[in-house]
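Me: I am new to this structure and would be grateful for a close look at one part of it. Please describe the open sheet, and then place it beside a few other features.

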Amino acid sequence: MKEYNLYCTGCSHKESINKNISRCPKCDEPMEVELIKEGKIKYSKDKGQTILERYLDFFPYLDISRKDSLGEGFTPLTNLKSISNNLNLKGLYLKNESQNPTWSFKDRGTLLGILHGKKLGYKKIGTVSTGNMAPSVAAYAAKFKLESYIFVKDTIAEEKLNPILIYNPKLFKVKGDYGSLYYNTLELGEKKDIYFINSDVPLRVEGSKTIAFEICEQLNFEMPDYVIVPTSAGGNIRGIEKGFREFKEVGIINKVPKIICAQSAGCSPIDKVFSENKEKIERFENPSTIAHAIENPLPPSGNQVLRMLKRNGGFTASVEDDEIIDAQKDLAQNGLFLQPASCVPLAALKKLRQEEKIEKYSTVVIIGTGGGLKYTKVFEKYNFNYSQIDLDDIENID
Ligand SMILES: [Zn+2]
């Protein structure tokens, strides 16, 4: 089997896959696992098959065992027929990542990160998170009996703390710049022997590939025209794009979809520099958005997302908070409750259809990264009504 290693997305510098290196020692851009050039889907009638077993050829550098899975992946691709019709599309599908063990897509990359960390002999793992990644890393650490170190912003919504603490991690609320915290923890990891599975580390990006693999299978390999991904640090969108590219490379599909990076206007560093035709990410000042899960003012994979979009032919979009809430309402009216960040792709799609940047009769997949119950504070934005009645009156209701 061909050997796969890490290479720098900025300058192509190579490092061994058997090292914990997430940034290039030469140019500080994100490292990535080389493109997989051979592989097949391992079709099976075994109902207990895990995603890593099914796509084993695409992770040849890891020891993969069924007992390590918490049941991540194999999430539904739901047909949003009525919204599709309203927007004059040929097809619209939601990849519903809220159906993962900790209710977000993060579980895919967390498992791969832990397998890599374990292989390298680490006993401690950690992460920096605004929400979804923290419970995911804490949960998998508990399963693997590893110590976990979770760093969160001190402005994190109070309701998000207990769903992390239930897994018994060491949790630190950190005052200070969130963008810098990512880099500080990488240094801390070296000093304290902690394997940090941060947002865009190479193995987390590898985990996100499986979202693309599943979409290909769920659409019977008829590729959508566009895939819209809510984007924060940039790891997930990179992984999804890489997944499609690898399936094309090995001949499973014959075209890749255009990838759209969707952000909240209140924190849209990638959309801003892409629109201004710049090549380097700049810090987004005074970020403020209801889509907290994608609020990163200085995305560590920002430059690579710009390079990737250029190569892929994709583009960016950003939407206001009220458009995000409207999209959340639309999804709820179709029986789906997702967190605000996960509604950004639908809000972006509506805008892009209006501006005709997405042509009519296109087929589109939107990525719903996490479940609605993760952020119930959003209910403050709604005016819900209900009726209080006596038991004797139930026959008199309208
Ligand atoms: Zn480099």
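Reply: The description below begins with the sheet and then turns to a residue in another strand and to the nonpolar cores.

The model is a predicted one. Its open sheet is formed by four strands, which follow the order β8-β7-β6-β9 and pair in parallel. The edges are held by β8 (170–174) and β9 (194–196); each of these has a single partner strand, so one side of each is left without a neighbour in the sheet. From one strand to the next, the twist averages 25°.

Within this sheet, six bridges join strand β6 (residues 124–129) to strand β7 (residues 147–153), in the parallel sense. One residue pair can be named here: Gly126 has Tyr149 of β7 as its bridge partner.

A further strand, β13 (residues 363–368), contains Thr363. Thr363 has a relative accessible area of 14%, which is under the 20% limit, and therefore counts as buried. Beyond residues up to four places away in sequence, Thr363 touches Lys90, Gly91, Tyr93, Pro224, Asp225 and Tyr226. Lys123, by contrast, lies 240 residues from Thr363 in sequence and 45 Å from it in space, C-alpha to C-alpha.

The nonpolar cores complete the description. In soluble globular proteins, nonpolar side chains tend to be buried together. The largest nonpolar core here has 68 residues, and Tyr61 and Phe244 have the most contacts inside it. Apart from neighbours within four places in sequence, Phe244 is in contact with several residues, among them Ala212, Ile215, Met223, Val227 and Ile259. A second core, separate from that one, has 38 residues, including Ile83, Leu92, Ala317 and Ile325.

Terms used:
Residues numbered from 1 in each chain as written. Predicted model: local features only at pLDDT ≥ 70, side-chain atom pairs only at ≥ 80, totals over all residues. Heavy atoms only, no water. Pairing = 2+ DSSP bridges. Helix = DSSP H or I, 4+ residues; strand = E, 2+ residues; numbered from the N terminus. Axes fitted to C-alpha atoms, helices over the stretch in contact; angles between N-to-C directions. Buried < 20%, exposed > 50% of the residue type's maximum accessible area, 1.4 Å probe, protein only. Contact = heavy atoms within 4.5 Å. Core = buried A, V, L, I, M, F, W, Y, C linked by side-chain atoms within 4.5 Å.
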